[in-house]
Amino acid sequence: MKIINNQVRLCCGKGGCPRLSKTKDGLIKIEDDFGGSVQIQEEEARLIHKALSKINKKWISPMSSFVAWGWHTFLSMVLS
């Protein structure tokens with residue numbers, strides 16, 4: 001993750017990076033690699049780590065706890 005111009009970029013080293021930022025209205029804006037974007041309430045954004053955890057539990061993965069922890073940590077950074 002990189003913080004550039006008040007945006008957190010989710011870079012994986014493969015080019016286009018999704019970006020998260022906070023709007024003037026206090027919404028969380030998520031922009032994808034393809035130019036699309038969505039704005040959600042901060043309370044909704046805080047639920048993303050739980051949603052990832054539920055998705056990952058569908059497929060038993062040793063990384064699922066780490067992924068959920070990573071999103072929670074990431075969102076805490078962005079939303080603080």
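This is a short talk about one protein chain, its sheet and its salt bridges.

Hi everyone, and thanks for having me. One thing before we start: the model on the screen is a predicted one.

Let's begin with the whole chain. How many helices and strands does the secondary structure have? The chain has 3 helices and 5 strands. If you walk along the sequence, you meet them in the pattern β-β-β-β-β-α-α-α. There are 80 residues in the chain, and 30% of them are buried. The accessible surface is about 5900 Å², and carbon and sulfur atoms hold 57% of that. Now take the contacts in the chain with a separation of 6 or more: 20% of those join residues 24 or more positions apart.

Next, please find the sheet. What is the order of its strands? Reading across, you get S1-S2-S3-S4-S5, in an open sheet of 5 strands with antiparallel pairing. Strand S1 (2-4) and strand S5 (37-40) are at the edges, and each has a single partner strand, so one side of each has no neighbour in the sheet. On average, neighbouring strands of this sheet are turned by 25° against each other, direction ignored.

Let's zoom in on one edge. S1 pairs with strand S2, residues 7-9, in the antiparallel sense, and 3 bridges connect them. If you want a spot to click on, try Ile4, which stands opposite Gln7 in S2.

Now for the charged residues. Here is a bit of background: side chains of opposite charge can pair when their charged atoms come close. How many salt bridges does the structure hold? There are 3 salt bridges in the structure.

We can start with Arg19 and Glu31, whose side chains meet in a salt bridge at 3.6 Å, N to O. Arg19 sits in strand S3, residues 19-22, and Glu31 in strand S4, residues 28-31, so this pair links distant parts of the chain, 12 residues apart. Are these two residues buried or exposed? Arg19 is buried, because its relative accessible area is 18%, and the cut-off for buried is under 20%. Glu31 is buried as well, with a relative accessible area of 17%.

Then there is Glu42, so let's spend a moment there. Where is Glu42 found? Glu42 belongs to helix H1, which covers residues 42-45. With a relative accessibility of 17%, Glu42 counts as buried. Glu42 forms a salt bridge with Lys22, and the closest N and O atoms of the two are 3.0 Å apart. Since Glu42 lies in helix H1 and Lys22 in strand S3, the pair ties together parts that are 20 residues apart in sequence. The side chains of Glu42 and Lys22 are also joined by a polar contact of 3.0 Å. Lys22 itself is partly exposed, with a relative accessible area of 45%.

Glu42 has another charged partner too. The side chains of Arg46 and Glu42 meet in a salt bridge at 2.7 Å, N to O. Arg46 counts as partly exposed, at 39% relative accessibility.

So what do we get when we put these pieces together? Lys22, Glu42 and Arg46 are linked in a network of salt bridges. To find that network on the screen, look for Glu42 in helix H1, then trace across to Lys22 in strand S3.

That's my tour. Thanks for listening!

How values were computed:
Residues are numbered from 1 along each chain as its sequence is written. This is a predicted model: local features need pLDDT of at least 70, side-chain atom pairs count only at pLDDT 80 or more; totals for chains, interfaces and linings use all residues. Side-chain values use heavy atoms; hydrogens and water are left out. Helices (H or I, at least four residues) and strands (E, at least two) are DSSP runs, numbered from the N terminus. Buried means under 20% relative accessible area, exposed over 50%, partly exposed in between (1.4 Å probe, protein chains only). A polar contact is a pair of N or O atoms within 3.5 Å; within protein, one must be able to donate a hydrogen and the other to accept it, and residues adjacent in sequence count only if both atoms are side-chain atoms. Contact means heavy atoms within 4.5 Å. Accessible areas come from the Shrake-Rupley method with a 1.4 Å probe; for residues, only the protein chains shown count as cover. A salt bridge is a side-chain nitrogen of Lys or Arg within 4 Å of a carboxyl oxygen of Asp or Glu. Two strands pair if DSSP finds at least two bridges between them. Axes are lines fitted to C-alpha atoms, for helices over the stretch in contact, and angles run from 0 to 180 degrees between N-to-C directions.
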